[in-house]
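Let's take a walk through this model together, beginning with a pocket and ending with a strand.

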Amino acid sequence: MTIFDSRPKRSPEELRSWRWFGRDELRSFGHRSRAKQAGLDREDWEGKPVIGILNSWSDLNSCHMHFKVLAEQIKRGVLQAGGLPMEVPVMSVGESYTKPTSMLYRNFLAMETEEMLRSNPLDAAVLMGGCDKTTPALLMGALSMDIPVIYVPAGPMLRGNWRGETLGSGSDAWKYWDEKRAGKLSEEAWCEIEDGIARSPGHCMTMGTASTMTAIAETLGFSLPGASSIPASDSNHMRMATQSGRLIVENAWRDWKPSDFITADSFDNAIAVDMAIGGSTNAIVHLIAMAGRAGVALPLEKFDEISRRVPLMADMRPAGKFLMEDFYFAGGLPALLNAMGEHLQRDCLTVNGRSLGENIEGAEIYNEKVIRKVADSGGTTVLRGNLCPDGAVIKHSAADPKLLKHTGPALVFEDYADLKARLDDPDLDATPDSVLVLKNAGPQGAPGMPEWGMLPLPKKLLEQGVRDMVRISDARMSGTSYGTCVLHVAPESAVGGPLALVQTGDLIELDVAARTLALKVSDEELAERRKAWSPPAPHYARGYGKLYLDHVTQANEGCDFDFLHHGPDTPEPAIY
Ligand code: FES
């Protein structure tokens with residue numbers, strides 16, 4: 001018994017696609033004749049929902065290299081259930097190659113998703129994503145368009161391996177790069193790590209941004225139960241894709257769309273899960289943006305409040321030990337959700353018409369080394385203070401506990417080029433107590449708020465054995481990164497946030513327990529510095545970059561475009 005039992009099916013004439021194919025009009029003749037050009041016959045579409053399969057495959061995105069095959073599995077399910085699958089390529093936004101940062105293009109893919117769904121004869125859609133930005137982008141577009149959708153996550157890749165050591169995406173690259181810079185790793189070993197760290201299809205297999213966002217998509221109710229934990233190479237993953245294809249046809253008939261099951265409570269659940277899995281700080285920006293599309297306000301304090309009460313329930317890298325393959329075999333996300341008890345609102349509905357509670361009922365933990373109570377509270381803290389009036393975040397679970405209360409002199413880099421030029425200078429005035437500050441790394445300043453927030457450490461300190469320092473920026477940090485990194489400082493320096501006024505030698509006080517970040521400079525002195533400050537020249541004068549700079553919001557607002565927030569409905573396109 002699901003909610004579908006009380007929800008009547010639409011007639012074929014009530015489907016969106018009927019407006020394109022069903023009418024006795026010249027324009028419909030054109031649509032039908034072009035469908036026939038593609039080899040389809042009337043039997044292929046008459047009386048059937050048309051299901052878009054938005055495929056973010058690209059040779060430029062190795063995390064999605066299996067999507068050509070996966071799309072065929074989804075089509076099989078759609079055909080079995082009596083729908084017509086239509087595969088639609090969308091921008092891939094691969095994390096590895098896209099410069100200056102994939103984040104610049106998250107909103108581009110979100111807009112493409114919304115407009116592809118709106119402008120075409122689609123009754124429902126399967127969204128294929130997984131590499132970091134693709135999940136929030138596809139879901140942001142789907143929330144704005146609001147037709148039935150189901151999310152098929154790419155699945156994590158298998159564990160990496162080097163000389164018997166398990167390697168985790170990103171995390172072990174940073175770790176061994178520091179060892180190499182400190183002169184403790186040979187060139188030969190470094191090349192072997194390159195061979196072994198990414199050895200199968202799928203997204204990064206640490207609890208980085210990709211794993212965090214696909215877990216969040218599942219928690220929100222966009223994916224089948226357990227879908228996000230299945231490794232991409234596991235045959236269960238293909239079966240999940242086919243099941244998703246079958247379900248979306250039913251959802252098309254029932255018009256079961258995001259606004260029917262996504263609520264403010266769904267987003268509270270998503271934040272709670274982000275904290276319980278020790279998820280990526282990037283999820284904060286993405287969740288605010290996604291919620292904004294649904295008309296749900298998520299102030300940063302909401303993350304802090306939930307972080308304080310929800311325990312960390314998974315021992316996953318980069319904060320812990322294990323990888324996604326271990327998480328899957330330990331019971332995966334359903335087991336963790338079931339173990340969250342009162343911290344989850346179980347009556348939230350999901351894409352299969354059942355509640356979250358029904359979906360996870362009886363889900364067991366099979367390995368308590370992986371899924372267990374690791375800490376009493378979540379992994380992320382929201383900071384306030386005169387250095388970040390609109391907030392900043394720190395993933396304290398991935399930081400050196402000794403640095404969580406720290407006062408030290410700022411060592412300021414004006415931008416990333418300045419950091420690259422000076423960081424390894426033997427004469428750099430840096431000590432283990434220094435607080436590394438990077439400016440101009442936010443949404444406007446970088447541009448695109450790249451993952452520069454885990455600033456590399458000065459070489460001379462690495463050689464002394466230093467492996468963590470307090471670092472502060474208006475950038476984000478990869479979900480696979482770690483260290484005492486204060487991120488998302490808002491307002492950013494490029495728009496005149498207080499970060500812009502920091503000078504080398506200023507004392508900065510970080511107190512994670514008190515949730516404060518303070519620049520120990522008088523208000524009078526800061527006012528003087530502000531008079532002398534002028535904004536940097538904008539990065540773009542034309543094109544998409546100009547659109548981005550003109551409309552992107554700050555980190556605490558989700559970095560969505562201001563004109564894409566929830567608002568009056570956009571009408572269906574006229575067909576003449
Ligand atoms: Fe695609 Fe990490 S590079 S998820």
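A word on terms helps here: the helices named below are DSSP runs of H or I with at least four residues, numbered from the N terminus. Please keep in mind that this is a predicted model.

With that in hand, turn to the second largest pocket, whose volume is about 600 Å³. Its lining consists of 29 residues, and those nearest the centre are L143, S144, M145, D146 and D569. Four helices each bring at least two residues to this lining: α5 (106-119), α6 (134-145), α11 (258-261) and α13 (282-294). The biggest share comes from α5, which contributes four residues. By chemical character, the lining of the second largest pocket splits into 12 charged, 11 nonpolar and six polar residues.

Now move to strand β1, which spans residues 50-55 and is mostly covered, with six of its six residues buried. In a regular strand, side chains alternate between the two faces of the sheet. Here both faces of β1 are covered: V50, G52 and L54 are buried on one side, and I51, I53 and N55 are buried on the other.

What does β1 pair with? One partner is strand β2 (residues 84-89), which runs parallel to β1 and is joined to it by six bridges. Within this pairing, G52 sits opposite M86 of β2. To get from β1 to β2, the chain passes through helix α4 (residues 67-80), making a right-handed β-α-β crossover. Strand β3 (residues 124-129) also pairs with β1 in the parallel sense, over five bridges, and there I53 faces V126 of β3.

Definitions and conventions. Residues are numbered from 1 along each chain as its sequence is written. This is a predicted model: local features need pLDDT of at least 70, side-chain atom pairs count only at pLDDT 80 or more; totals for chains, interfaces and linings use all residues. Side-chain values use heavy atoms; hydrogens and water are left out. Buried means under 20% relative accessible area, exposed over 50%, partly exposed in between (1.4 Å probe, protein chains only). Two strands pair if DSSP finds at least two bridges between them. A crossover is right-handed if, with the strands pointing away from the viewer, the path from the first strand over the helix to the second runs clockwise. On a 1 Å grid over the protein atoms alone, a cavity is a set of points where a 1.4 Å probe fits but cannot get out, and a pocket is an open set with protein on both sides within 12 Å along at least five of seven lines; lining residues have an atom within 4 Å of a point. Grid points are joined across faces, edges and corners, and a volume is the space filled by probe spheres set on the points. Ala, Val, Leu, Ile, Met, Phe, Trp, Tyr, Cys and Pro count as nonpolar, Asp, Glu, Lys and Arg as charged, and the others, Gly among them, as polar.
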